[in-house]
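Student: I would like a close look at a single part of this model, taken slowly and set in the context of the chains around it. Could you choose one helix and follow its surroundings outward?

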Amino acid sequence: MSEILDARGLACPQPAMLARQALQKLGKGTLEVLVDSPTARENVSRLAKNAGWKVEVQQQPDGSVKLVLNK
Amino acid sequence: MSAISRFLTSRWGPVLTGAVVGILAPVLVKLGNPGNMGLCMVCFTRDIAGALGLHRAAVVQYIRPEIIGLFFGALIGALAFGEFKPRTGSAPMVRFLLGMFATFGALVFLGCPWRAYLRLAGGDWNAIFAILGLIAGIGIGIGFLKIGYSLGRNHPAPKAMGWVMPAVMLALLALLLLAPQFGRDASGNPTGPIFFSEKGPGSQHAPIIIAIIVGLVIGFFAQRSRFCTVGAIRDVILLRDSHLLNGILAFIILAFITNLILGQFHPGFANQPVAHTNALFNFGGMVLAGLAFTLAGGCPGRQLFLSGEGDGDAAMFVFGMIVGAGFSHNFSAAATPNGPSAFSALTVIVGLVVCIIIGFTMRERKA
């Protein structure tokens, strides 16, 4: 069971900030982050990759995006 | 087209955008804009407020075509890549207030972060105190973010709402081109409804068509690359991420080089264009502006570009800026090249108190 962070509808820098806190707390494993803006998607992906996490992008039916972060 | 977009969303996007801004802004000065004011989101919305008669400071009244171009450039970028998504509901009233107070602070310094960097690149060392103030204000905002500050989530809105801002910008364009005049008062002064400065900074401007084209180009680039003059500093401090900061460095370096080439680099503190030398007020004004921008999630340019993507909350921030500029001059809060005005200090203090209350009280409500 992976952790889920719902960052939909949040303004900068909250999606990236919350994802960073969650990744630091998690250490390793899987974190799923829901975002619904291209900026949040790019920021969370960049931050995760820079910290050594693998990023998988999954389009959701409602138009949002699920980022699956693995380490 | 999509190759350009891929490049702009890569790590080189903000750098390219910053370089384009750094070259084009000084060129706009060469073509007629006021000194070190090739682009200034706050000065330009202040000029628009004046042109609409929301304040009567006769030297700063003009409907700046750059703002219209920047908006439509961002709108085109968003539409072309499926990013035009009308949305709202994230504390719009608070965002309106933050737009007002950010403008109050910036007009005590006489420039937004964009112009602070441009003033620095033109040799106006007063900008150093403003940028230090900006960093301090952003730092305070980050403190609030770390203890849970949030304006809450936005929600999808009807498509029609996304077209309100384009309609407003088209109306501004029409008013710029038509400049309706209903007559003159007994002393022979125009009674409006549109006022254009006959002298002072408001009378200095590049040709309309060039200003619009420059705005369109920068607005498109900035929307694609998520360029933000406040996020650049915020992300370095908060996230240890220099993605946006690289764009600001490119911006300042290219503006410096372009100013040198065009003979517009004049180092010093005194006699700088549309600037005063009071370091305390340059610093303090930008502490307030930096805090308000950070609490709202981005610099004034970014708010304008987001409004072009259909973000109704960012549009409220922009409206707050226009109304705030009106109040700022009517209440003698805005500084002048002679220095701070009668109520500059009080305005900054009240603004800081309000923003600190917002920072402590705004939290996301759990359903």
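Tutor: What follows is a close look at helix α11 of chain B, and then at its surroundings. The model is predicted, and what I say about burial, contacts and angles is computed from that prediction.

Helix α11 covers residues 231-239 of chain B, and seven of these nine residues are buried, so the helix is largely enclosed by the rest of the structure. The buried residues are G231(B), A232(B), I233(B), R234(B) and D235(B), together with L238(B) and L239(B). Directly after the helix comes R240(B), which has a positive phi, near 55°.

Which elements do the buried residues of α11(B) pack against? They pack against elements of both chains: from chain A, α1 (14-26) and α2 (38-50), and from chain B, α7 (126-146), α12 (243-262), α13 (279-296) and α14 (300-308). The helix thus leads us in two directions, towards the partner chain and into its own chain, and I will take the partner chain before returning to chain B.

The contact between the chains draws 19 residues from chain B and 15 residues from chain A. On the side of chain B that touches chain A, α11(B) gives the most, with five residues. Sorted by character, the residues on that side of chain B comprise four nonpolar, nine polar and six charged.

Chain A itself is built from two helices and four strands, and from the N terminus these elements run in the order β-α-β-α-β-β. Its radius of gyration is 11 Å, close to the 11 Å that the globule rule gives for 71 residues, so chain A is as compact as a globular protein of that length. Its C-alpha trace spans about 30 × 25 × 15 Å along the principal axes, and 44% of its 71 residues count as buried. One of the residues of chain A that can be followed across to chain B is L10(A), which lies in the loop between β1 (3-6) and α1 of chain A. L10(A) has 24 C-beta neighbours inside 10 Å and therefore counts as buried, the cut-off being 20 or more. Leaving aside residues up to four places away in sequence, L10(A) touches P15(A) and R153(B).

Turning back to chain B, we can take up α14(B), one of the helices against which the buried residues of α11(B) pack. Nine of the nine residues of α14(B) are buried, from P300(B), G301(B) and R302(B) through Q303(B), L304(B) and F305(B) to L306(B), S307(B) and G308(B). After α14(B) comes G310(B), whose phi is positive, near 100°.

How is α14(B) placed against helix α15, residues 312-330 of chain B? The two pack at an angle of about 130°, with their axes 8 Å apart, which means that α14(B) is oblique to α15(B). The crossing of α14(B) past α15(B) is left-handed. On the α14(B) side the contact involves P300(B), Q303(B), L304(B), L306(B) and S307(B), which meet A314(B), A315(B), F317(B), V318(B) and M321(B) of α15(B). These contact residues divide into eight nonpolar, two polar and no charged.

Another of the helices packed against by the buried residues of α11(B) is α13(B), and this helix has a further partner in α16, residues 344-361 of chain B. The axes of α13(B) and α16(B) come within 10 Å and cross at roughly 25°, which makes α13(B) roughly parallel to α16(B). The crossing of α13(B) and α16(B) is left-handed. From α13(B) the contact takes F281(B), G284(B), G285(B), L288(B), L291(B), A292(B) and L295(B), and from α16(B) it takes S344(B), V348(B), G351(B), L352(B), C355(B), I358(B) and G359(B). Here the division is nine nonpolar, five polar and no charged.

These helices belong to a chain with 16 helices and two strands. The radius of gyration of chain B is 19 Å, close to the 21 Å that the globule rule gives for 367 residues, so chain B is as compact as a globular protein of that length. Its C-alpha atoms fill a box of roughly 60 × 45 × 40 Å along the principal axes, and 56% of its 367 residues count as buried. Of the contacts in chain B between residues at least 6 apart in sequence, 82% join residues at least 24 apart.

How values were computed: Residues numbered from 1 in each chain as written. Chains lettered and ligands numbered in written order. Predicted model: local features only at pLDDT ≥ 70, side-chain atom pairs only at ≥ 80, totals over all residues. Rg over C-alpha atoms; globule rule 2.2 N^0.38 Å. Buried ≥ 20, exposed ≤ 12 C-beta atoms within 10 Å, placed from the backbone. Contact = placed C-beta atoms within 7 Å. Axes fitted to C-alpha atoms, helices over the stretch in contact; angles between N-to-C directions. Parallel < 35°, antiparallel > 145°, perpendicular 65-115°, else oblique. Left-handed = near helix turned anticlockwise from the far one by under 90°. Nonpolar A, V, L, I, M, F, W, Y, C, P; charged D, E, K, R; others polar.
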